[in-house]
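This report walks through one protein model, from a pocket to the strands and then the whole chain. Keep the structure open beside the text.

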Amino acid sequence: MQESISQREFYGNKGMHYMAAEAVCDYAQFHDDHLALQDRMCHPSAFHAEMMGDIMHLHQALKQPDAPQFIQAVIREINGHIKNDHWRLIRREDVPKGHKVTPSVWAMRRKRNLVTNEIKSHKARLNLHGGKQVYGVNYYDTYAPVVTWFAIRLMIILAIVTKRVLRQIDFVMAYTQAPIETDLYMEIPYGIETTTGNTRDYVLQLLANIYGQKQAGRVWNQFLVQKLESIGFTQSRIDECVFYREDVIFIVYVDDGIFLGQSDDQLTGIIKELTEIGLEVEDQGHPADYVGVNIKRLYDGSYAFSQKTLIDAIIADVGLTPNDYKEWNYRSVVGKLNYLAQTSRPDILYATHMAAKYASNPRKEHGEAIMYIVRYLIKTRNVGLHFKPDSSKGFYCYADADFSGEWNRDFAETDPSTAKSRSGWFILYANCPVIWCSKLQSQVAMSTTEAEYIALSQALRDVIPVMSLLSEMRERKFNIISEQPRIYCKAFEDNSGALELARLPKLRPRTKHINICYHHFREHVRKGLIKIYPIDMQDQVADVLTKPLPQNAFCHHRVTMCGC
């Protein structure tokens, strides 16, 4: 049966996964294709392996032109496990009753330089199939902290202000260094055979944690904390992945760490101590590529964060490279845009969040919006974060809201979120970006004052832990920039009603219904730790995080946020 399909339908096209208006096709075939595509979108890891040419499974890697390099990576991985006694071979019938043998999975990757995009190495990672683990049988708690991005940015700012040295390290096969928590048994990995008989008659009893385990991250973090404390480091009260020892700070994101110290010799000595207590550490020198972000020290001593390789990957995904038109996955591209916006490109955060709302059911206009964002990235590929501290400026917070800015009468019944306001805030320390956010408010505001007050409260919820971390560093004699002897924050708000409500807490008929949780910062205001000031609308940096702006205003705020 032939019938017309509107723009709302999701379908494959030469350039995008969207079809032009009023195209005609076989509905049954269209429906099957649509379901197949939606199924792929529900499995982002599998789709990621399919779409990204550098990440794949073993059987895919063996079909690549550089298959010999991948084979060598597999050999290195297996030999590393054998050398460190991470398992022992036992007969399948010797597995205790009640224990399941978990499958193993290979993850292959080409690792590239984040600046030149050249292949640095080929990686093969042997993983336990954590999805087959059973809670209460072979795993329990799984939560493992990672360092916050505001702590990473503060560390860079401190390095510039105090003229200290940074050093990056990597814990080699980190998870396997921690003792195993429960008994685990794993199938012999694909492509590996035993010399003792039929491979299917044997399994591997794990003697150490291995990647893919649900609890491996937590066990490794607890093990690392114990090791660091044994050589004199103290864990921060604010951020679980920040550690202090005298005039040294150490931060860690899973297995990637950065030291801040007085000299290279001092940090070399600490790295030597880590190896002496049994940790296998790779000294990577001055930070260059950290958690997917390129960190570059400029000639004037300032630092720049950029993610040009990720931008190039997004451009390639949507097929905007010359002579490269192909189908692309909406959810995968939105995920990459979101990581880019959260780490080094706050200027695209609002647009990305608007596009992300429709990830489960994108339409033609949403795909076109993504293409606009990508075209903007092509023209601004070199833009990133610039850290050049201004010691005359302290801790500033800009908060703004767009009152019911997405209200749409036509979609109100099917999408109640259109009545919600959007909050945006941008936090600076020494005129360097630290935190930014754009999000819908969780409840419907009944006035502009209420929407602005909620946005201010949400922003100050991020401010308070940063103030606490700065105060903690000052207690440890680090040179913290502040306009007063104590750490305090200047908050800027452009709504007079929200300003009055924040400064003079009293019961008002039109605001008495506001949830008490939004008043959490009033005690800090009373003590003078937070001071709230009015600001003109044209100077409100957070405005760019709440709504579309004219080009001149957008570029003006981008300079404040990114430094360029």
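The model is predicted. Begin at the second largest pocket. Helix H11 (349-356), helix H12 (364-379) and helix H16 (551-562) each supply at least two residues of its lining. H12 gives the most, with six residues.

The second largest pocket has a volume of about 630 Å³. Its lining counts 21 residues, and the closest to the pocket centre are Tyr350, Ala351, Tyr372, Ile373 and Pro548. What classes of residue make up the lining of this pocket? There are 16 nonpolar residues, two polar ones and three charged ones.

**Strands and sheets**

Now turn to the strands. Strands of a sheet pair through backbone hydrogen bonds, in a parallel or an antiparallel way. Two antiparallel pairs are set side by side here.

| Pair | First strand | Second strand | Bridges |
|---|---|---|---|
| E6 and E7 | E6, residues 104-112 | E7, residues 119-128 | nine |
| E12 and E13 | E12, residues 242-245 | E13, residues 248-253 | four |

Take E6 and E7 to begin with. Arg110 stands opposite His122 in E7. The two strands form a hairpin with six residues between them. In that hairpin, Asn117 takes a positive phi near 70°.

E12 and E13 belong to a wider arrangement. Six strands form an open sheet, in the order E11-E12-E13-E14-E8-E15. Its pairing is antiparallel. Which strands lie at the edges? They are strand E11 (234-235) and strand E15 (281-283), and each pairs on one side only. Within this sheet E12 sits between E11 and E13 in the order. Phe243 has Phe250, in E13, as its bridge partner.

**The whole chain**

Step back to the full protein chain. It holds 16 helices and 24 strands. How much of the chain is buried? Buried residues make up 50% of the 564 residues.

Contacts tell of links along the sequence. Among contacts in the chain with a separation of 6 or more, 71% join residues 24 or more positions apart.

The surface comes last. The protein chain exposes about 26,800 Å². Carbon and sulfur atoms supply 51% of that area.

To retrace the route, return to the pocket, where H12 gives the most to the lining. Then follow the open sheet from E11 to E15. End at the hairpin of E6 and E7, where Asn117 has its positive phi.

Methods. Residues numbered from 1 in each chain as written. Predicted model: local features only at pLDDT ≥ 70, side-chain atom pairs only at ≥ 80, totals over all residues. Heavy atoms only, no water. 1 Å grid on protein atoms, 1.4 Å probe; cavity = no way out; pocket = protein on both sides within 12 Å on 5 of 7 lines; lining within 4 Å. Points joined across faces, edges and corners; volume = space filled by probe spheres on them. Nonpolar A, V, L, I, M, F, W, Y, C, P; charged D, E, K, R; others polar. Pairing = 2+ DSSP bridges. Buried < 20%, exposed > 50% of the residue type's maximum accessible area, 1.4 Å probe, protein only. Contact = heavy atoms within 4.5 Å. Areas by Shrake-Rupley, 256 points an atom, 1.4 Å probe, with all protein chains shown as cover.
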